[in-house]
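Me: I would like a close look at one pocket and the elements around it. Please keep it brisk and give the cut-offs as you go.

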Amino acid sequence: MERIRVAMIGTKGMPATIGGVERHVEALSQRLVAGGFSVTVYGRSWYLDRHPGTERTYRGVRVVVLQSVRTKHLDAISHTFLATLHAMRERADVYHFHGVGPALLAWMPRVFRPRSTVFVTFHSVDRLHAKWGIVARAMLTIGEWAACTFPHETIAVGEVLTAYCTARYGAHPVCIANGVAEPSPAARSRAAQDMLRSHGITPKRYLFVASRLVAHKEIHTVIRAFRQLRRERPDLGGIQLVIAGSPTFTEQYEEELRVAASGDPAVLFLGQRSGLMLEALFANALAFVHASRSEGLPLAVLEAAAAGTMPIVSDIPEHREVIARIGGMLFETGNMWDLLCKLEVALSGAAHLARIGGDAQRAVLRHYHWDRIAVCTAERYRAHTVNRYARVHALSPRLVRSAV
């Protein structure tokens, strides 16, 4: 049986250290390889700290490192162009573009490799992100149209995004969500908790934020609400706010966050974290706070719930979609005072947070498990590939069977 060759394009690479799209592609690719696919992920040299042109195999997935023009506006599109050319030279069967920016180039395999199949995953409405200017937002709007027009099939990572694509562009995406897997027992081990303590963090005495440090994530609102809570409720003085994440060409916003914290020792900036440290941060928090104004389907919220930690999130439609299934608390987007009230309610009933987190964990693994998501994606790949072979080899049933 011939292995279907899949090229994952638009991601920064794997292993994933920052970025929800990167974690999405890593989890999905590993499972596709286990299911019999041959998967190549294209990574950026600066992200993987490897020379352009080098290759490696990571958990069964081939990772090809290519150069990019490392600026805010050209990093993704320049790398996508080189990755698409590389994949076309290798005659991949499936070209899977991730994000509306990379989707701008999804026409290339449609034109130059007409026997291939093109997918685009619509991860979020990126043009709403505060870091982009007028020109970038215009290009990302065109990217949305491209994501709904160029591919053989568009995948949306949530029901809200699916409805958006239909209403705005008349498209009919298939909804295949982001996902999570069972948490590692090591995340709650004594060794993991000791690792947190070595960074000045007391397990089960902190609120956790994991996010890129960009303005639309509203981390400044979380900091202000937390500091106001400490002033109004001195009896909660032992509670910390732990922030894990790094800027994405948004160093000025990072500085604004540090000014908002004003040197408060209860506000800890850890920088970017991954691996066991990140898992331990999710698993040992009192609650996870996500104040974002714009999301696709928030992977960090799913990961917090999978770790057994209750989410407290802004009431944007994408968060409502998740909370309706797994439970948690909502606050009015951008409203510091409403967030303060929700934090006070949560911390006043801290004894119940573990139970609520346990309920969320069971629900998120039932609705958003990577294994099921990988199966759904594989089914879409095979359906389109079989149809392609059927068209090209209409008189050769044996070739059609070999493609399955």
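Which helices each supply at least two residues of the lining of the second largest pocket?

Reply: Helix 1 (20–34), helix 10 (275–283) and helix 11 each do so. Helices here are DSSP runs of H or I with at least four residues, strands are E runs of at least two, and both are numbered from the N terminus. Helix 1 gives the most, with five residues.

First, the basis. This is a predicted model, where local features need pLDDT of at least 70, side-chain atom pairs count only at pLDDT 80 or more, and totals for chains, interfaces and linings use all residues. Residues are numbered from 1 along each chain as its sequence is written, and side-chain values use heavy atoms, with hydrogens and water left out.

Now the pocket. Its volume is about 780 Å³. In all, 27 residues line the second largest pocket. Nearest its centre lie Arg 23, Glu 26, Gly 275, Glu 279 and Glu 303. A pocket is an open set of points on a 1 Å grid over the protein atoms alone, where a 1.4 Å probe fits, with protein on both sides within 12 Å along at least five of seven lines. Lining residues have an atom within 4 Å of a point. Points are joined across faces, edges and corners, and the volume is the space filled by probe spheres set on them. Rolling a probe the size of a water molecule over the atoms shows where empty space is left.

Stay with helix 1. Glu 22 sits in it. Glu 22 is buried, at 3% relative accessibility. Buried means under 20% relative accessible area, exposed over 50%, and partly exposed in between, with a 1.4 Å probe and protein chains only. Leaving aside neighbours within four places in sequence, Glu 22 is in contact (heavy atoms within 4.5 Å) with Thr 11, Lys 12, Gly 13, Ala 16 and Tyr 47. The loop between strand 1 (5–9) and helix 1 holds Pro 15. A cis peptide bond joins Met 14 to Pro 15, with omega about 10°. Most residues other than glycine have a negative phi, and most peptide bonds are trans.

Next, helix 11. It spans residues 299–306 and gives seven residues to the largest nonpolar core, the largest share. That core has 99 residues. Such a core is a set of buried Ala, Val, Leu, Ile, Met, Phe, Trp, Tyr and Cys residues joined through side-chain atoms within 4.5 Å. Met 8, Val 39, Phe 122, Phe 208 and Leu 281 have the most contacts inside it. Take Phe 122. Beyond its neighbours within four places in sequence, Phe 122 is in contact with residues including Val 100, Ala 147, Cys 148, Leu 161 and Cys 165. There is also a second, separate core of 35 residues, which includes Ile 219, Ala 225, Met 336 and Leu 340.

The cysteines deserve a check. The structure holds zero disulfides, a disulfide being a pair of cysteine sulfur atoms within 2.5 Å. For Cys 148, the nearest cysteine sulfur is that of Cys 165, 3.8 Å away. Cys 148 is buried, at 14% relative accessibility. For Cys 175, the nearest is that of Cys 376, 9.7 Å away. Cys 175 is partly exposed, with a relative accessible area of 36%.

Then helix 9 (residues 251–261). Its buried residues are Tyr 253, Glu 254, Leu 257, Ala 260 and Ala 261. They cover an arc of only 115° around the axis, so they sit on the same side of helix 9. The arc is that of the directions from the helix axis to the C-beta atoms. An α-helix has 3.6 residues a turn, so residues three or four places apart point the same way. On the other side of helix 9, Gln 252 and Val 259 are exposed. The buried residues pack against helix 8 (219–232) and strand 11 (267–271).

Helix 9 is followed by Ser 262. Ser 262 lies in the loop between helix 9 and strand 11. It is not a glycine, yet its phi is positive, about 50°. Lys 204 is another non-glycine with a positive phi, about 65°. Its place is the loop between helix 7 (190–198) and strand 9 (206–210). Lys 204 is partly exposed, at 33% relative accessibility.
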